[in-house]
Amino acid sequence: MVRRSVGNVLVPKLDVLLEENERVALLRSEARRGLLSRPKALPPKWFYDARGSTLFEAITRLPEYYLTRREREILDARAGEIARRTRAATLIELGAGSAEKTRVLLNALAEARTLNRFVPFDVCVPAVHDTAAAIRGEYPGLDVHGVVGDFQRHVEVLPRPALAGGPRLIAFLGSTIGNLDAAERAHFFTALRRILAPGDFFLLGADLVKDKARLDAAYNDAAGVTVQFNKNVLRVLNRDLDAAFDESRFDHVAGYDPARQLVDIRLRARVSHVVPVRGLDLMVAFSAGEEMRTEISTKFTRAGLERALVAASFQPAEFWTDGAGDFSLSLWSA
Ligand code: AVJ
């Protein structure tokens, strides 16, 4: 925990559940497992170093990438209702990133005068630090407590109901849930439900199933930003695991699979070659055309979300979409 002096008071600013050395240890074990498995796969959380986060922000502004704008449209329309319905005293945002959309929620909760604490939670230290600092500046009097962690492993350590209490609202926006497979989603929803008490809420942003052409376009933008984003994981491995991936030897491959209702995102080796990963003491061989999965982006239906959340003992409270029916924002009570 980092304590910084504010005026004369020592205030806890940031809980780091994942220190830099643990982050690299986690990267090492996940990369080793992924590079040795068949087919090869890397977890998507490793896209997001500072450059990867910037590239993702650029993706959210692409004409083809409708997700962020659609979610924003729903939040703009529903934030007041969310504030009145939840009367949240604590807002916890998982995968907060730059928390741009969160400001819509914070404004509504501030207006309802119920909110006293904001907890941005992200795997990326600079993201949590900068977001916490910015929000603190914009909302004087709000207790902002950043937490650095991995939402799949650290849900259990999220703030418990405070003594003074008040409902908690956990927001998980942007369809990051789509990065998890069905088993991981079930585990995550169950772990989340376990830390919530009656009166608490879960707000979930989830992208919806739609025609393949639009989904393919959203993950194969004309400007090529998604290519850079996908290949960024190779730079992360080069820097943090002393690897020698050559980006130019890989192609970005992304396509919607309607049978599995997900966009499968991969890097495909152009030529047969061997990549030294010195930090893992590995020589990783790729055959020509071999694909390594770097991400799945699952698309949802209302019925599918309801099944999964009800199975984890949540109760449906609200289900909203944007005007075009592209994206969903749903509220679940504990
Ligand atoms: C941040 C996981 C929601 O799946 O749409 C965007 C990441 N990958 N373009 C998504 C992403 C390629 C994004 N999520």
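**Exercise 1.** How far is an oxygen atom of the ligand from an N or O atom in the side chain of S297?

*Solution.* The model is predicted: local features need pLDDT of at least 70, side-chain atom pairs count only at pLDDT 80 or more, and totals for chains, interfaces and linings use all residues. Residues are numbered from 1 along each chain as its sequence is written, and side-chain values use heavy atoms, with hydrogens and water left out.

- Step 1. Take the S297 side chain: one of its N or O atoms is 2.7 Å from a ligand oxygen.
- Step 2. Turn to coverage: the protein covers 98% of the 350 Å² of accessible area that the ligand has on its own (Shrake-Rupley method, 1.4 Å probe).
- Step 3. Add Y65: an N or O atom of its side chain is 2.5 Å from an oxygen atom of the ligand.
- Step 4. Add E295: a polar side-chain atom lies 2.7 Å from a ligand nitrogen.

**Exercise 2.** Find which parts of the sequence E138 and R103 tie together.

*Solution.*

- Step 1. The side chains of E138 and R103 meet in a salt bridge at 2.7 Å, N to O. The term means a side-chain nitrogen of Lys or Arg within 4 Å of a carboxyl oxygen of Asp or Glu.
- Step 2. E138 lies in helix α5 (residues 125–138) and R103 in helix α4 (residues 102–112), so the pair ties together parts 35 residues apart in sequence. Helices here are DSSP runs (H or I, at least four residues), numbered from the N terminus.

**Exercise 3.** Is D264 buried or exposed?

*Solution.*

- Step 1. D264 has a relative accessible area of 7%.
- Step 2. Buried means under 20%, exposed over 50%, partly exposed in between (1.4 Å probe, protein chains only). D264 is therefore buried.
- Step 3. Its salt-bridge partner R260, at 2.8 Å, N to O, is partly exposed at 42%.

Note on methods. A polar contact is a pair of N or O atoms within 3.5 Å; within protein, one must be able to donate a hydrogen and the other to accept it, and residues adjacent in sequence count only if both atoms are side-chain atoms. Helices (H or I, at least four residues) and strands (E, at least two) are DSSP runs, numbered from the N terminus.
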